[in-house]
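Work through the following exercises with the sequence and the model side by side, and try each task before reading its solution.

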Amino acid sequence: MRITKDPTNPAAAGPAIILVEPQLGENIGMVARAMANFGLSELRLVNPRDGWPSEKARAAASRADHVIDAVKVFDDLATALADLNFVFATTARQRDGFKSVRGPVEAGRMLRARHGMGQRTGILFGRERFGLYNDEVGLADEIVTFPVDPDFSSLNIAQAALLMSYEWMKSGLEDETRTNFTGPEMKPASKEELHGLFAYLEGALEARGYFRPAPKKPKMVDNLRAVLTRAGFAEPELKVLRGIISSLDRFSPAMPRGDGSPGDDPRRLPAAAARARKAEAAGRVAPDANGDDADTPPLGGKGTDND
């Protein structure tokens with residue numbers, strides 16, 4: 001499901017992302033890129049260390065120019081939050097106070113619900129080096145934190161923005177498991193087609209002496225069929241397998257496809273010679289390996305039909 005946005009309504013763009021005293025233009029740009037990935041466009045900066053605008057930020061934004069061009073810069077956090085109705089502060093540390101703490105999934109759904117009521121919302125991120133001061137967290141309504149490893153809980157500011165932007169986008173989908181594109185829809189193979197593959201493969205293996213010793217053949221066939229039925233093949237997939245087996249059955253490294261008839265394979269000539277000798281003993285001339293009559297059948301060493 002594609003989420004539509006009304007460019008004439010600021011609230012329709014979703015929550016504003018507020019960065020407090022960001023230190024690196026590259027990080028600002030990566031935040032802008034993460035926002036654009038998930039449909040957010042309103043980025044606010046509070047007293048960026050290196051000033052604004054920033055070419056480093058634009059370069060790191062990787063064509064999220066609409067976010068960079070619309071950046072608003074504020075001298076203090078209170079002013080940056082003044083027009084918002086509800087704000088989450090992100091932090092990885094336990095804070096003293098009475099604020100509710102949410103996980104990112106719940107926070108995303110809460111932001112979506114408030115957005116549906118027409119409220120202006122925001123997500124507050126702190127400095128790269130140490131995050132937000134307690135008094136800055138105090139200006140937010142609630143806290144959102146991520147289920148990270150407590151022994152390594154620090155997130156890059158762009159990573160944190162990406163996680164929250166993703167939860168925002170996901171909260172607006174009719175089905176949270178859907179993706180923007182899917183694999184091809186293929187008709188499942190019928191049992192008749194699958195059994196045909198079994199028979200063809202079994203015949204090809206039988207001709208090459210695969211089933212040895214003979215008493216074990218039934219169990220080997222059972223194992224082979226168990227392997228092939230596990231995958232749940234689609235009809236086109238069976239055709240691919242059938243073509244592969246057919247090629248292996250007809251051609252060999254000595255006579256690959258495109259080098260003439262499979263009957264020209266020199267490793268098949270000894271078998272043809274044996275047939276010719278048998279025909280000669282019966283008082284007739286046998287065709288050669290190419291299907292033509294021959295006065296002298298080609299001779300060879302130990303005969304084998306294995307490719």
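## Exercise 1: Charged pairs

In this predicted model, the side chains of Asp50 and Arg49 meet in a salt bridge, with 3.2 Å between N and O. Decide whether the two partners, Asp50 and Arg49, are buried or exposed, and then find out which salt bridges Arg44 forms and which parts of the chain its pairing with Asp83 ties together.

*Solution.* Begin with the pair just named: both Asp50 and Arg49 are exposed. Salt bridges that share partners join Glu42, Arg44, Asp83 and Arg120 into one network.

Next, take Arg44 and look at its partners one at a time. With Glu42 it forms a salt bridge in which the closest N and O atoms are 2.6 Å apart, and both Arg44 and Glu42 are buried. With Asp83, the side chain of Arg44 meets in a salt bridge of 2.8 Å, N to O. Arg44 lies in strand 2 (residues 43–46), while Asp83 lies in the loop between helix 4 (77–81) and strand 4 (86–90), so this pair ties together parts that are 39 residues apart in sequence.

Finally, compare the accessibility of these two partners with the cut-offs. Arg44 has a relative accessible area of 1%, and because buried means under 20%, Arg44 counts as buried. Asp83 has 42% relative accessibility, which lies between 20% and 50%, and therefore Asp83 counts as partly exposed. The structure as a whole holds 16 salt bridges.

## Exercise 2: A helix and its surroundings

Describe the span of helix 7, say which elements its buried residues pack against, and then examine the surroundings of Met164.

*Solution.* Start with the length: helix 7 (residues 157–171) has 15 residues, and from its first C-alpha to its last it reaches 21 Å, close to the 21 Å expected at 1.5 Å a residue. At the start of the helix, a side-chain oxygen of Asn156 comes to within 2.8 Å of the backbone nitrogen of Ala158.

The second step is to ask which residues of helix 7 are covered. The buried ones include Ile157, Ala158, Ala161, Met164 and Trp168. The buried residues of this helix pack against strand 1 (16–20), helix 1 (25–37), helix 5 (104–116), strand 6 (121–125) and strand 7 (142–144).

The third step is to follow a single residue, Met164, which lies in helix 7. Its relative accessible area is 1%, so Met164 is buried. When residues up to four places away in sequence are not counted, Met164 touches Pro104, Ala107, Leu111, Ile123, Phe125, Val144 and Phe146. One of these shows how sequence and space can part ways: Met164 and Pro104 are 60 residues apart in sequence, but 6.4 Å apart in space, C-alpha to C-alpha.

## Exercise 3: Backbone details in the loops

Locate the cis peptide bonds that lead into Pro53 and Pro213, and then place Asn47 and Ser62, which have a positive phi, in their loops.

*Solution.* Take the prolines in order along the chain. The peptide bond from Trp52 to Pro53 is cis, with omega near 10 degrees, and Pro53 lies in the loop between strand 2 and helix 2 (55–60). The peptide bond from Arg212 to Pro213 is also cis, with omega near -5 degrees, and Pro213 is found in the loop between helix 8 (191–207) and helix 9 (217–230).

Now turn to phi. Asn47 is not a glycine, yet it has a positive phi of about 50 degrees; Asn47 lies in the loop between strand 2 and helix 2, and at 40% relative accessibility it counts as partly exposed. Ser62, likewise not a glycine, has a positive phi of about 50 degrees. Ser62 lies in the loop between helix 2 and helix 3 (65–69), and with a relative accessible area of 29% it is partly exposed.

## Exercise 4: The surface and the whole chain

Which residues form a nonpolar patch on the surface with Ile244, and what share of the protein chain counts as buried?

*Solution.* First, the patch: Val240, Ile244 and Leu248 form it, with about 290 Å² of accessible area together. Ile244 is found in helix 10 (residues 235–250), and with a relative accessible area of 45% it is partly exposed.

Then step back to the whole. The protein chain has eleven helices and seven strands, and of its 307 residues, 37% count as buried. Its accessible surface comes to about 18,600 Å², of which 53% belongs to carbon and sulfur atoms.

Technical notes:
Residues numbered from 1 in each chain as written. Predicted model: local features only at pLDDT ≥ 70, side-chain atom pairs only at ≥ 80, totals over all residues. Heavy atoms only, no water. Patch = residues over 30% accessible without salt bridge, like charges linked within 9 Å, V, L, I, M, F, W, Y side chains within 5 Å. Areas by Shrake-Rupley, 256 points an atom, 1.4 Å probe, with all protein chains shown as cover. Salt bridge = Lys/Arg side-chain N within 4 Å of Asp/Glu carboxyl O. Helix = DSSP H or I, 4+ residues; strand = E, 2+ residues; numbered from the N terminus. Buried < 20%, exposed > 50% of the residue type's maximum accessible area, 1.4 Å probe, protein only. Expected span 1.5 Å × (residues − 1). Contact = heavy atoms within 4.5 Å. Polar contact = N/O pair within 3.5 Å; in protein donor to acceptor, adjacent residues only side chain to side chain.
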